[in-house]
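Dear colleague,

Please find below the structure that I am handing over to you. My notes on what was found in it follow directly after.

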Amino acid sequence: NSTVINVASFKNVDEDALLEVPGVVYIPQVGKVTVAMLERNLVRLFDNFHSSGSQEQTRKESSSWYGNALQLYTAAAVTFMLGMQLALRR
């Protein structure tokens, strides 16, 4: 089971061939904010797991699991928007 999100501003995926693969959910287009959040999350994942000493520093800086209220709100909003896209596709 996979979710494929096309973040390009133009059509660059053969949808028919992709949807023939069992268990694939395809999201053909997302907004600019979603793309920005996906990029931000990718950079944060890299920083958290591939920088020397970054895991311990991040734990010391953050008193809660989500960092701050803005990060929690943004993550919830992006998750909700992706969920709505998936629900509308079905």
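**Overall picture**

Of the 90 residues in this protein, 14% count as buried. Please bear in mind that the model is predicted. The protein has 4 helices and 2 strands, and their order along the sequence is β-α-β-α-α-α. Among contacts in the protein with a separation of 6 or more, 43% are between residues 24 or more positions apart.

**The nonpolar core**

The largest nonpolar core has 6 residues: Ile27, Val30, Val35, Met37, Val78 and Leu82. Helices α2 (32–50) and α4 (69–89) each supply at least two residues of this core. As a general point, nonpolar side chains in soluble globular proteins tend to be buried together.

Methionine 37, one of the core residues, is in contact with Thr74 and Val78 once its neighbours within four places in sequence are left aside. Threonine 34 lies in helix α2. This threonine counts as buried because its relative accessibility is 6%, which is under the 20% cut-off. Beyond its neighbours within four places in sequence, threonine 34 is in contact with Met81 and Leu82, and Leu82 is itself a member of the core.

**The loop between β1 and α1**

Two residues of this loop may be read together, asparagine 6 and valine 7. Asparagine 6 lies in the loop between β1 (2–5) and α1 (15–19), and valine 7 lies in the loop between β1 and α1 as well.

Is asparagine 6 buried or exposed? With a relative accessibility of 6%, asparagine 6 counts as buried. Its side chain makes a polar contact with the side chain of asparagine 12, at 2.9 Å. Not counting residues up to four places away in sequence, asparagine 6 touches Asn12, Val13, Tyr26, Ile27, Pro28, Gln29 and Val30. Of these, Ile27 and Val30 are also listed in the largest nonpolar core.

Valine 7 counts as partly exposed, because its relative accessibility is 44%, and the partly exposed class lies between 20% and 50%. Which residues does valine 7 touch, not counting residues up to four places away in sequence? They are Val30, Val35 and Leu38. Valine 7 and valine 35 are 28 residues apart in sequence, and the C-alpha to C-alpha distance between them is 6.3 Å. Val30 and Val35 both appear in the largest nonpolar core.

**Helix α1**

Leucine 19 is found in helix α1. At 42% relative accessibility, leucine 19 counts as partly exposed. Leaving out residues up to four places away in sequence, leucine 19 touches Val24, Tyr26 and Arg89. Tyr26 is also among the residues touched by asparagine 6.

**The second largest pocket**

The second largest pocket holds about 210 Å³ of space. How many residues line this pocket? There are 13 lining residues, and Ala8, Ser9, Phe10, Gln29 and Val30 lie nearest the centre of the pocket. By class, the lining comprises 6 nonpolar, 4 polar and 3 charged residues. Val30 thus takes part in the lining of the pocket as well as in the largest nonpolar core. Gln29 and Val30 are likewise among the residues that asparagine 6 touches.

With kind regards

Note on methods. Residues are numbered from 1 along each chain as its sequence is written. This is a predicted model: local features need pLDDT of at least 70, side-chain atom pairs count only at pLDDT 80 or more; totals for chains, interfaces and linings use all residues. Side-chain values use heavy atoms; hydrogens and water are left out. A nonpolar core is a set of buried Ala, Val, Leu, Ile, Met, Phe, Trp, Tyr and Cys residues joined through side-chain atoms within 4.5 Å. Buried means under 20% relative accessible area, exposed over 50%, partly exposed in between (1.4 Å probe, protein chains only). Contact means heavy atoms within 4.5 Å. On a 1 Å grid over the protein atoms alone, a cavity is a set of points where a 1.4 Å probe fits but cannot get out, and a pocket is an open set with protein on both sides within 12 Å along at least five of seven lines; lining residues have an atom within 4 Å of a point. Grid points are joined across faces, edges and corners, and a volume is the space filled by probe spheres set on the points. Ala, Val, Leu, Ile, Met, Phe, Trp, Tyr, Cys and Pro count as nonpolar, Asp, Glu, Lys and Arg as charged, and the others, Gly among them, as polar. A polar contact is a pair of N or O atoms within 3.5 Å; within protein, one must be able to donate a hydrogen and the other to accept it, and residues adjacent in sequence count only if both atoms are side-chain atoms.
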